[in-house]
Amino acid sequence: MMFERLQHFLASLSGEDKPTFAADDPRVAVMALCIQVMEADGKVLEVEKKALRARFKEFYEVDEAELNALVAAGTDAESEAID
């Protein structure tokens with residue numbers, strides 16, 4: 001909670017008000033898992049990326065900025081995950 005407030009404060013100083021997601025937000029975990037599944041065959045197709053974005057946008061009812069932040073948070077979480 002405190003870390004989220006700090007992130008929001010720092011973003012407001014730079015003039016950016018990007019959406020942020022908490023590390024324990026289940027949407028980040030689902031996104032990270034989906035990214036890992038997409039990468040399992042060693043290649044990520046553009047059609048896969050578009051389908052993933054469309055499903056998340058529809059299912060979680062997020063706008064484009066929130067979706068971009070969610071993809072970024074999921075990508076970070078996936079790259080930091082212990083396999």
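1. The side chains of R53 and E64 are joined by a salt bridge, with an N to O distance of 2.6 Å. Because R53 belongs to helix α3 (residues 46-60) and E64 to helix α4 (residues 64-80), this pair ties together parts that are 11 residues apart in sequence. The model under review is a predicted one.

2. As to solvent exposure, R53 has a relative accessibility of 25% and therefore counts as partly exposed. E64 is likewise classed as partly exposed, at 38% relative accessibility.

3. E64 has a further partner: a salt bridge connects E64 with K57, and their closest N and O atoms lie 2.8 Å apart. K57 has a relative accessible area of 34%, so this residue is partly exposed.

4. These contacts should be read jointly. R53, K57 and E64 are linked in a network of salt bridges. E64 takes part in the bridge to R53 and also in the bridge to K57.

5. A further salt bridge is formed by R27 and D25, whose closest N and O atoms are 2.7 Å apart. How do the two residues of this pair rank, buried or partly exposed? D25 counts as buried because its relative accessibility is 13%, and the cut-off for buried is under 20%. R27, at 25% relative accessibility, counts as partly exposed.

6. On the overall count, a search of the whole structure finds three salt bridges. Among them are the pair R27 and D25 and the pair R53 and E64, the latter with one residue in helix α3 and the other in helix α4.

How values were computed:
Residues are numbered from 1 along each chain as its sequence is written. This is a predicted model: local features need pLDDT of at least 70, side-chain atom pairs count only at pLDDT 80 or more; totals for chains, interfaces and linings use all residues. Side-chain values use heavy atoms; hydrogens and water are left out. A salt bridge is a side-chain nitrogen of Lys or Arg within 4 Å of a carboxyl oxygen of Asp or Glu. Buried means under 20% relative accessible area, exposed over 50%, partly exposed in between (1.4 Å probe, protein chains only). Helices (H or I, at least four residues) and strands (E, at least two) are DSSP runs, numbered from the N terminus.
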